[in-house]
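Work through the exercises below with the model open. Each task is followed by a solution in steps.

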Amino acid sequence: MKKELLTKLMLALLVVLASLSLTACSDDDEPGQVIYTYGWEGKISGGASMIPDMAIVEEAYATALGVEDSPFILNGTRSECDARVKAACEKVEQTLKDKEWGFTATFAVREQNSNQVVYSYTFNRGSN
C-alpha cells in the first residue's frame with residue numbers, strides 16, 4: 001500500500017515538473033510573424049468634426065506603423081515587434097497631442113494572440 005502511494009506521488013510530481021518545464025518554454029522570443037490589430041476602444045463621444053478627426057488619427061498611426069489596415073503583421077520576436085509598435089505609436093502621440101480634437105476616445109494597438117494592449121492613448125475632446 002505504501003509503495004503504491006509512493007509510486008503515485010512520484011508520478012504526480014513527475015507530471016507537475018514536466019508541465020512546469022513545458023510552460024517555461026515559451027515561443028515569445030522565437031522570431032516569427034506577430035499579428036496586431038489597432039483601432040478605437042471603449043466609449044466614443046464627440047461632435048460634428050468627430051469622424052474626420054478620427055480618420056486623421058487613424059491615418060497617422062497607420063503611416064507610422066507602415067501599414068494600410070488592421071490587422072497587420074510584423075516579423076521578429078514578439079518583444080522586438082512590441083517595441084517597434086510602441087516606439088512608432090509614441091512618435092505619433094507626440095505629433096498629435098497638442099491638436100484640438102472633436103471627440104473623446106481611446107486608440108489602442110493589441111497583439112492578437114494574447115489580446116494584450118501594446119499601446120493605448122486617450123484623445124480628449126478639445127485638447128489633450
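**Exercise 1.** Is phenylalanine 72 buried or exposed?

Solution. The model is predicted: local features need pLDDT of at least 70, side-chain atom pairs count only at pLDDT 80 or more, and totals for chains, interfaces and linings use all residues. Residues are numbered from 1 along each chain as its sequence is written, and side-chain values use heavy atoms, with hydrogens and water left out.
Step 1: the relative accessible area of phenylalanine 72 is 4%.
Step 2: buried means under 20% relative accessible area, exposed over 50%, and partly exposed in between (1.4 Å probe, protein chains only).
Step 3: phenylalanine 72 is therefore buried.

**Exercise 2.** Classify the aromatic pair of tyrosine 36 and phenylalanine 72, and then that of tyrosine 38 and phenylalanine 72.

Solution. Step 1: rings of Phe, Tyr and Trp (its six-membered ring) pair if their centres lie within 6.5 Å; planes under 30 degrees apart count as stacked, over 60 as edge-to-face and the rest as tilted. The structure holds 13 such aromatic pairs.
Step 2: tyrosine 36 and phenylalanine 72 are 5.4 Å apart centre to centre with 20° between the planes, a stacked pair.
Step 3: tyrosine 36 lies in strand S1 (residues 32-46) and phenylalanine 72 in strand S2 (residues 72-76), so this pair ties together parts that are 36 residues apart in sequence. Here helices (H or I, at least four residues) and strands (E, at least two) are DSSP runs, numbered from the N terminus. Tyrosine 36 is buried, at a relative accessible area of 0%.
Step 4: tyrosine 38 and phenylalanine 72 give 6.0 Å centre to centre and 50° between the planes, a tilted pair. Tyrosine 38 is in S1 and phenylalanine 72 in S2, so the link spans parts 34 residues apart in sequence.
Step 5: ring pairs join these residues into a cluster whose members include Tyr36, Tyr38, Phe72, Trp101 and Phe123.

**Exercise 3.** Describe the hairpin of S3 and S4 and its residue with a positive phi.

Solution. Step 1: strands S3 (residues 103-111) and S4 (residues 116-123) run antiparallel and are joined by seven bridges; two strands pair if DSSP finds at least two bridges between them.
Step 2: alanine 105 stands opposite phenylalanine 123 in S4.
Step 3: four residues lie between the strands, and asparagine 115 is in this loop.
Step 4: asparagine 115 is not a glycine, yet has a positive phi of about 60°. With 48% relative accessibility, asparagine 115 counts as partly exposed.
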